[in-house]
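Work through these exercises with the structure open beside you. Each task is followed by a stepwise solution.

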Amino acid sequence: MSRELFKFKGGVHPPEHKSESSTHPIHAAPLPRKLVIPLRQHIGQVAKPVVNVGDRVLKGQMIGAADGYISAAVHASSSGVVTAIDLQPVPHISGLPDLCISIETDSRDEWIDHAPLDYQAMVPADLRMQLRDLGLAGLGGAVFPSAAKLDPGAAHSCPTLILNGGECEPWITCDDVLMRHHADEILQGVAVMRHLLGSTGILVGIEDNKPEAIAAMQAAAQKVDFAVEVVAVPTIYPGGGAKQMIQTLTGKQVPSGKLSTDIGIQVFNVGTAHALARAVHHGEPLISRLVTVTGHVLRRQNFVVLIGTPMHTLITLAGDRDGTTGVLMGGPMMGVPMPNLEVPVVKATNCILVKSNELFPPLPRALPCIRCTRCADACPAELQPQELFRFAKAGDFGRAQEYHLFDCIECGCCSYVCPSHIPLVDFYRYAKSEIWAREKEKRAADLARERHEFRQFRLEREKKEKAEKLAAKAQAKRAELAAEPAAAGSAPSDADAKKALIAAALARAQAKKAETMPKNIDHLPPDKQREIEEIEARRAKIREMARQPLESEEKP
Amino acid sequence: MPAPFILDRSSVTQVMAWVLAALLPGIAVSVWLFGPGILVTLSLAIVTALAAEAAMLKARGYPATPFLTDLSAIVTAWLLALSLPTLAPWWLIVTGTLFAIVVAKHLYGGLGQNIFNPAMVGYAVLIVSFPVQMTQWAGPLSLTETPLTLAQSASVIFGGEFPKATLDAVTMATPLDALRTGLLQQYTVDEIITQPIFGHYGGVGFEWLAAAFLLGGLLLWALRIISWHVPLAFLAGIWLTAGFLHFFDPGRFGAPWFHLFAPSVMLGAFFIATDPVSGATTPRGKLIFGLGAGFLTIVIRTWGGYPDGVAFAILLLNLCVPLIDQYTQPRVYGEARKGKEPQA
Amino acid sequence: MLTAILVMVAIAVVTGLVLGWSAIRFKVEGNPLAEKIDAILPQTQCGQCGFPGCRPYAEAIAKGEADINQCPPGGEEGVKKLAELLGVEPKSLDETHGTPKPKSVAFIDEQICIGCTLCIQACPVDAISGAAKQMHTIIASECTGCELCLPPCPVDCISMVTLAEDLPHWKWKHPVVMLKKVA
């Protein structure tokens, strides 16, 4: 089992803090009284609620349906009654609420009917739809809908399947523990992936600081009827990043702006494989996951947690301590601070890390960048972080993009090594979200311009049609007038006839206008009145201005 | 405050402290071979630099503590002091340091913002304004009959008074000066290096000073404070340029080893050209920066108006840094290699 | 002397030819400046600038007939971008044309709407759907928030709803790095 390994550039070696939680057995977290299940737990389209307030739901019942291809369903994690479908706090850094379905559990934990899928007999497209409706999404943290990733696309097969057991972030051990205790089930999931992707080479990459997990996976690999190569890779952060794992194992780099499937490689987290096995062999949707609760708690360990369980119940379970300075979802390198502890565990929650001043001293004050390029040496994306920082700080987003801002994976290595303690990743996140917002704004403006231009065109056309109709009518009238014998003896000239017609039309129009005068403008407060007058004046002016060029065009 | 929530133990202060520590061998050799005068110069430069730094921080509305304790002002002060003649008068030291800190550093925006190396700006201003005083080097002790004590050195620096009858014995031309003067007087290199000031590779004493700076530089490299790119390219630039000239006319151009073992070259290669703030940041850019500075150093030494060219060469290359950086951006992860598809 | 004159004349002729040739070779059709200005304007088509829409305003700026600070929805940032494009000093927004407001969309109270179609006629981007005597609805994703539909409504059933920040529209803020002393 000696495979040539490759080294990716950069990376750091933060203290690991793994053994604190990885050596303890898995415990099941108790059923909470209330579950809050967000509808947005994956990348892509938000799930649409398919239950109503007051409905009784069973464990595993779909409560939010997938909306589109890149989406995943969400399910009731236990039986109970839907008490609300509204905005609730969610584990997001902004602290903004999002649409959630709240379920009052009835402690019966009653399962809905579910049956294993005969995946080998199913049409792959149907199987993928089933997996989407079972709510499968990547459990490594990115929560990309797994069904979409299990589609080999136009290539019809994806030769290399990599199972990512890297788990390079400090403190987190849920994948390690899962591999130690459920290696067989993980490989059952791999069998399904292999079936859907048509993969021939299967690699399991595990960092060499997890010898027990490596041993367990190797033992399990002996028992399956397909070849699985379990590879110990060097421990270095972010060696568990998908792109880094690909390079370590195969020496290939995913081309910038493309997907790994473009070079015939697909990567899944071990947790996803386990969830897939539960879905296919038991028909169970993704309603629970393994969560590491660690940091400043009394008993650091891994729990099987129902999706929707409030985070504070887990911290209480692990034994909360005085001196807590905050809670992170995820590890210390890429984790997200939680706005409060009412927020539920979601599919992306791999770790709940409780901070204290001893474990995570407050970060020192930032100094100016001295361009020492330690960040560039540490950057696994081979970027020049110091330049990106300069551009992002100055708001020069165009240059930031030229310097490959969007190849940044936000791993935090640059911030970690920065001797000036600059929160570099923050600047990249800011620049990225600003660029996205501007693109969105630009699209909106383009749409508005298009709509406006079309309207102008439509008005013009209607005007022309009307004019033609009127001309035809006038012609008819004139003919009529001419046919009548002149009573006064002097035939009215053509021009006079036209004038008379216009005068009559004007009178009609004025009468009509008087009729349709807005009736609700009496008894208005003076400021409202003034506002209306102002806007009226503006409209009049616009009308005036709009008419001028038209008239000048009509003259010749 | 978002992720990451842990930091490596590095800091600007730590980086600067290592730079200062790496200068200690050079200082020790200087004291041993050239007398204790350098200690007076260093102390005066430190005091001036810290005072100027504090005043400028206050004037610009920045907090004093984090910036005074980052040690960057002291690094500038030491680099300038080590470039000056060991018995330079006090006002020369003060003027140079003030110019370095106030103009070259703070008027450009302070730490991290200066496009020129402050110490070299200070040096350049001094050598342009006071060329005579800038060449009054204390000779190596082995060539001096009555070495000066610390107190005597201080009185020379502050009072400008040399102990009677020792003036000529104490100060003398540096090897580079001697070479330059000799060449101007139509002597050949072989004739010039018979003078007592010349040693095995460089000047007597000076070659040991250069070796001490080299040692400190290697320490910085071993600690990953500096990368190998700039020093190696700088030394290569000097060796190749000097070697090329020496090969064609050994009588008119000094040997490459002689040029390499001038103390200013080792100090420049490992401590000044490697200044991250004013230097190139990309690996290829660092090589270009070093080679260019080495080449220009020899050009200025050979045809310029000053005996040494390290300071001017580095300042000129500082000017080119934005351009160098822009055109040497390395390939990023997953980016297509030039002329072929990304390695698949 | 004569040589010098001849050389100067030759240079003048050559330069003139090059300029003439490039004028033909690199001729640009249309009015690219107005296009560029129009690309910066927010396309609300609200007419607050005093022109019937963004495009006429852009043309007026290009011709030098209008100032760059008459677009409240574009805000100070828009003025700055226009100043950068035109190479002039940025100035502050002309308040006589209105002040920037938070982004909002129109909302029709469907209980009150009588289906008069007046707002449909007023909408510059056709973002209101409905027909005579039928309830009207704003297509929120296409509404530019120009407020032109408010005055014509005879029953005052249209109101502007400020867009609250929600999760999909949330943005990372510029990181605060404290260096200067807090005054």
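**Exercise 1. State what share of the 183 residues in chain C is buried, then describe the fold and spread of chain C.**

Solution.
- Step 1: Take burial. In this predicted model, 27% of the 183 residues of chain C are buried. The cut-off for buried is 20 or more other C-beta atoms within 10 Å of the residue's own.
- Step 2: Count the elements. Chain C has five helices and four strands. Their order along the sequence is α-α-α-α-β-α-β-β-β.
- Step 3: Test against a globule. For 183 residues the globule rule gives 16 Å, but the radius of gyration of chain C is 25 Å, well over that value, so chain C is more spread out than a compact globule.
- Step 4: Add the dimensions. The C-alpha trace of chain C spans about 90 × 55 × 30 Å along its principal axes.
- Step 5: Look at contact range. Among contacts in chain C with a separation of 6 or more, 57% join residues 24 or more positions apart.

**Exercise 2. Decide where in chain A confidence is lowest and where it is highest.**

Solution.
- Step 1: Start with the whole chain. Chain A has a mean pLDDT of 89, and 93% of its residues reach 70 or more.
- Step 2: Find the extremes. Helix 15 of chain A (residues 526–554) is lowest, with a mean of 68. Strand 6 of chain A (residues 74–75) is highest, at 96.
- Step 3: Check the weak stretch. Residues 550–556 of chain A have pLDDT below 50, and this stretch has zero contacts in the model beyond near neighbours in sequence.
- Step 4: Draw the consequence. Predicted coordinates should not be read in detail where pLDDT is low.

**Exercise 3. Describe how domain 1 and domain 2 of chain A meet.**

Solution.
- Step 1: Set the bounds. Domain 1 of chain A covers 19–28 + 125–351, and domain 2 covers 364–480.
- Step 2: Place the centres. Over C-alpha atoms, the centres of the two domains of chain A are 34 Å apart.
- Step 3: Count the contacts. Eight residues of domain 1 of chain A touch nine residues of domain 2 of chain A.
- Step 4: Class the domain 1 side. Facing domain 2 of chain A, it has four nonpolar, three polar and one charged residues.

**Exercise 4. Identify which helix of chain A gives the most to the side that touches chain C.**

Solution.
- Step 1: Size the interface. It brings 35 residues of chain A into contact with 31 residues of chain C.
- Step 2: List the helices. Helix 13 (424–483) and helix 15 of chain A each supply at least two residues of the chain A side.
- Step 3: Pick the leader. Helix 13 of chain A gives the most, with 14 residues.
- Step 4: Class the residues. The chain A side has 16 nonpolar, five polar and 14 charged residues.

**Exercise 5. Explain why strand 2 and strand 4 of chain A each have one side without a neighbour in the sheet.**

Solution.
- Step 1: Write the order. The open sheet of four strands in chain A runs 2-8-7-4, with antiparallel pairing.
- Step 2: Read the ends. Strand 2 (34–38) and strand 4 (56–57) of chain A are at the edges with a single partner strand each, so one side of each is left without a neighbour.
- Step 3: Check one pairing. Strand 4 of chain A is joined to the antiparallel strand 7 (residues 80–89) of chain A by two bridges. A:Arg56 stands opposite A:Val81 in strand 7 of chain A.

Technical notes: Residues are numbered from 1 along each chain as its sequence is written. Chains are lettered from A and ligands numbered from 1 in the order in which they are written. This is a predicted model: local features need pLDDT of at least 70, side-chain atom pairs count only at pLDDT 80 or more; totals for chains, interfaces and linings use all residues. The radius of gyration is taken over C-alpha atoms; the globule rule is 2.2 Å times the number of residues to the power 0.38. A residue is buried if 20 or more other C-beta atoms lie within 10 Å of its own, exposed if 12 or fewer, and partly exposed in between; C-beta atoms are placed from the backbone. Two residues are in contact if their C-beta atoms, placed from the backbone, lie within 7 Å. pLDDT is the predictor's confidence in each residue, from 0 to 100. Domain bounds come from an automatic or database domain assignment. Ala, Val, Leu, Ile, Met, Phe, Trp, Tyr, Cys and Pro count as nonpolar, Asp, Glu, Lys and Arg as charged, and the others, Gly among them, as polar. Two strands pair if DSSP finds at least two bridges between them.
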